[in-house]
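Work through the following exercises with the coordinates open beside you. Each task sentence is followed by a solution that goes step by step.

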Amino acid sequence: LLFLINPLVWILSGLILAKLLKNAKWKKYCLAASILILLFFSNRFLSNQVINAWEVQTIVPKDIEEPYDIGILLSGYAKSVSYSLTDDYLFELGGSANRLTQTIELYRLGKIKKILISGGSATILTKTISESENTKVFLKRLGIPESDILIESSNVYNALHL
């Protein structure tokens, strides 16, 4: 039922209802509602205002007085790889790389004591090396001790093939 939150579904439903209904008053309501929804969700300023209202205000490192025991690093920052990260390969980052760089910065500043990397592989058909396992290799290359790196790498493939 997740598709029901997609604005395009609501717009198309309103347009279809406007076409099918016989009552002229309800046709106008459905058409007007569809146009308003389209205008609202296609307006980047308005949709950003709604999204920003739900976001938690972030803090800067200087605001962290006591170091946290563990900082959680969510995956989704590396480009999809199906190989084990070795000295032969470079760790390629994607559009959400700031998650990783900010975690490393917090660790280096002493704001977090350990890094918990959460994220496996979303592949269903083949078994691959998880992003968290490759990130652990990468962090060790940067000089972060293995004892300070924890991983949680539940792979979809492993869960389905138990």
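**Exercise 1.** Determine which lysine forms a salt bridge with glutamate 146 at 3.3 Å between the closest N and O atoms, and describe the surroundings of both partners.

*Solution.* The test for a salt bridge is a side-chain nitrogen of Lys or Arg within 4 Å of a carboxyl oxygen of Asp or Glu, and glutamate 146 passes this test with lysine 136, their closest N and O atoms being 3.3 Å apart. The pair links distant parts of the chain, since glutamate 146 belongs to the loop between H5 and S3 while lysine 136 belongs to helix H5, 10 residues away; helices (H or I, at least four residues) and strands (E, at least two) are DSSP runs, numbered from the N terminus. For accessibility, buried means under 20% relative accessible area, exposed over 50% and partly exposed in between, with a 1.4 Å probe and protein chains only. On that scale glutamate 146 is partly exposed at 44%, whereas lysine 136 is buried at 19%.

Before going on, note that this is a predicted model, in which local features need pLDDT of at least 70 and side-chain atom pairs count only at pLDDT 80 or more, while totals for chains, interfaces and linings use all residues. Residues are numbered from 1 along each chain as its sequence is written, and side-chain values use heavy atoms, with hydrogens and water left out.

**Exercise 2.** Which residues are linked with Glu146 in a network of salt bridges, and how many salt bridges does the rule give?

*Solution.* Glutamate 146 also forms a salt bridge with lysine 140, at 3.5 Å between the closest N and O atoms, and lysine 140 is partly exposed with a relative accessible area of 38%. Lys136, Lys140 and Glu146 are thus the members of a salt-bridge network. The count by this rule is 4 salt bridges, one of which joins the side chains of aspartate 148 and lysine 114 at 3.5 Å, N to O. Because aspartate 148 lies in the loop between helix H5 (131–141) and strand S3 (149–152) and lysine 114 lies in strand S2 (residues 112–118), this pair ties together parts that are 34 residues apart in sequence. Aspartate 148 is buried at 16% relative accessible area, while lysine 114 is partly exposed at 28%.

**Exercise 3.** Which residues of H5 are buried, and what covers them?

*Solution.* The buried residues of H5 are Glu131, Ser132, Asn134, Thr135, Lys136, Phe138 and Leu139. Their cover includes S1, H4, S2 and S3. Just after H5, glycine 143 adopts a positive phi of about 95 degrees.

**Exercise 4.** Describe the contacts of leucine 116, setting aside its neighbours within four places in sequence.

*Solution.* Leucine 116 is placed in strand S2 and is partly exposed, with a relative accessible area of 22%. Taking contact as heavy atoms within 4.5 Å, leucine 116 touches Ile70, Gly71, Ile72, Leu73, Leu150, Ile151 and Glu152 once those neighbours are left aside. Leucine 116 and aspartate 148 are 32 residues apart in sequence, with 8.4 Å between their C-alpha atoms.

**Exercise 5.** Find the aromatic pairs and give the geometry of each one.

*Solution.* A pair of aromatic rings is described by the distance of the centres and the angle of the planes. Rings of Phe, Tyr and Trp (its six-membered ring) pair if their centres lie within 6.5 Å, and planes under 30 degrees apart count as stacked, over 60 as edge-to-face and the rest as tilted. The structure holds 2 such pairs. Tryptophan 26 and tyrosine 29 are edge-to-face, 5.6 Å centre to centre with 75 degrees between the planes; they are 3 residues apart in helix H2 (residues 24–42), and so are separated by about one helical turn. Tryptophan 26 is partly exposed at 48%, and tyrosine 29 is partly exposed at 47%. Phenylalanine 40 and phenylalanine 41 also form an edge-to-face pair, at 4.9 Å centre to centre and 90 degrees between the planes. Phenylalanine 40 is partly exposed with a relative accessible area of 27%, and phenylalanine 41 is partly exposed with 45%.
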